[in-house]
Each structure stands twice: as C-alpha cells, then as structure tokens.
Amino acid sequence: MPNGRRPAEGGPPAGYVPGGGKPGGTEEEALTGRQRLLKGVWPPRVTRAQLIVAVLLFGLGLGLAIQVRSTNENSVLRGARQEDLVRILDELDARTQRLQDEKRRLENQRTELENSSDQAEEARKQTLQKEQQLGVLAGTVGAQGPGITITIDDSRGSVEADMLLDTVQELRAAGAEAIQIGSVRVVANSYFSDEGGSVAIDGRKVTQPYVVKVIGKPEDLEPALNIPGGVVQSLEKEQATVSVQREKKIVVDALRSGKRPDYARSSSR
C-alpha cells in the first residue's frame, strides 16, 4: 500500500462517504425521489412565459364558456321546424311594420298641425284622441276591438305569478293594446305575486281558470304565444291546459282609477 499504510481491519473502505453518496457528493444528491419532486414544485416558480400562457388559456376558456352558453340559449330555435321559424320571422316583420305605421301616423299628425288653417282646433282634436288612447293604456277607460281570449286551466296549482307575467310581457311585445285577467285590468305598473297557492295582481287574487282577454291584432298575438319554447309550451310543461281563441270583438271593461303621481311632473313647456 502507498506510504506503507493499510486500512484498519473491519473499517470502511477507502473513499467511503456516509449516506451512500459518492466522494464529494452534495446534500441534494442524498435526497429521495419524493423529496426532490416536492423541492422542484414548491415553492412555485412562475416565469413570465408561464404567466402569459396562463392568461391566454383563461381567455380561451372564457370564450368557450360564453360560446357554449350562447349555443344553449339558441338551442330552441335551432331545433324548431321550418314553419315555426317562418312564423317567428313573420312576427318580427309584423312588429317592424307596427313601428313604421306609428312613425307615419305621428308624421301625419305633425303635417296636419302645420298645414291646418285652424291649428288650435286641430290641436284640440288630436289632444282628445290622444287622451282616449292614453286612457286605454292607463286602464281608466273601457276598450273593445279584435283580439284573443286565453284560458289557462291549472288544476294542479303549478302556474305561478311569474308565468302569468311572462304571458303578459309576450302579449305586449306582440302588440297587445289592452289586457284584462279575470276582473283585473293589467297596465304598465301592475305587479304579480303568489298568495296562498293562487296568483294576485295588484294585490287582488284572480281565480282559476285564468281567463286573459287581450285586444290587438289576432294574427300577431296568437303566433307569439305558440312559438317553440314560448308561453304555451312553458305552461303545458307545468301540466296546465291552455287554449287560445281568436275573437272579432273583445270587451275589456275592468277599470282602474287614475292616480296622480306624487313626484313626477311633466317636463314639457
């Protein structure tokens, strides 16, 4: 042996390092595989590239979520038959036509006022006509005209206030000019509530079957209720029986008392 030295009997061989490491090994090399893994992931080390990728993935996920939600909302129309889609398109055309007719009517009134030799008398006549129209909308005067009658028979008591409110909103969107449910006149500030298993309108309970009388163009009102996923289908899902009948003459005779606003005042001068 060099220098005449020999290892002691029973002692460790030359170059032995405690812990099984190689000569000159570090503490990290002596760690187990699990310890190395934990040391590699914690504490987290976020680089700029990783942060950019995370932001891009978040944006992609948000876009996909919005797309899925939009697809679900339009699934009813996608599954509709061709004749149903044509009816919906006709309804939209009818709404556009009503707005155009209203625009022409107002323009004609303006022209009559500008060209009339007796503008004061013409203004008075138009004011009376407007008063009648506003009275119908406010429910302070009776009304009659063509429309539809809707009968909702809810023997199970599953039809709630929000469903009747949806019906009223759909009718208004289709051009309803006067609505009466039972003995209650429905106007712009009417409210619906559930009371003891029945529905109340403006605090007054309405009894079943719910009879809704609507004045407006029947050709627009009835299709609006029967579109796929519309009012009739929603009510029928609750096991209610719904019938819609076109009428040449509907009489809406329930009245409301005119209420003077406490704070609102006309801004016209």
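**Exercises: helix α7 and strand β2**

The buried residues of α7 are P218, D220, L221, E222, P223, A224 and L225; buried means under 20% relative accessible area with a 1.4 Å probe, protein chains only. This is a predicted model, where local features need pLDDT of at least 70, side-chain atom pairs count only at pLDDT 80 or more, and totals for chains, interfaces and linings use all residues. Residues are numbered from 1 along each chain as its sequence is written, and side-chain values use heavy atoms, without hydrogens and water.

**Exercise 1.** Describe how α4 and α7 pack.

*Solution.*
- Step 1. Helices are DSSP runs (H or I, at least four residues), numbered from the N terminus. Helix α7 spans residues 218-225.
- Step 2. The axes of α4 and α7 lie 10 Å apart, at an angle of about 135°. Axes are lines fitted to C-alpha atoms over the stretch in contact, and angles run from 0 to 180 degrees between N-to-C directions.
- Step 3. That angle makes α4 oblique to α7; oblique is what remains outside under 35, 65 to 115 and over 145 degrees.
- Step 4. The contact (heavy atoms within 4.5 Å) uses R87, E91, A94 and R98 of α4, and D220, P223 and A224 of α7.

**Exercise 2.** Find the bridge partners of Q180 in β7 and β3.

*Solution.*
- Step 1. Strands are DSSP E runs of at least two residues. They pair if DSSP finds at least two bridges between them.
- Step 2. β2 runs antiparallel to β7, with four bridges. There, Q180 partners K213.
- Step 3. β2 also pairs antiparallel with β3, over three bridges. Here the partner of Q180 is R185.

How values were computed. Buried means under 20% relative accessible area, exposed over 50%, partly exposed in between (1.4 Å probe, protein chains only).
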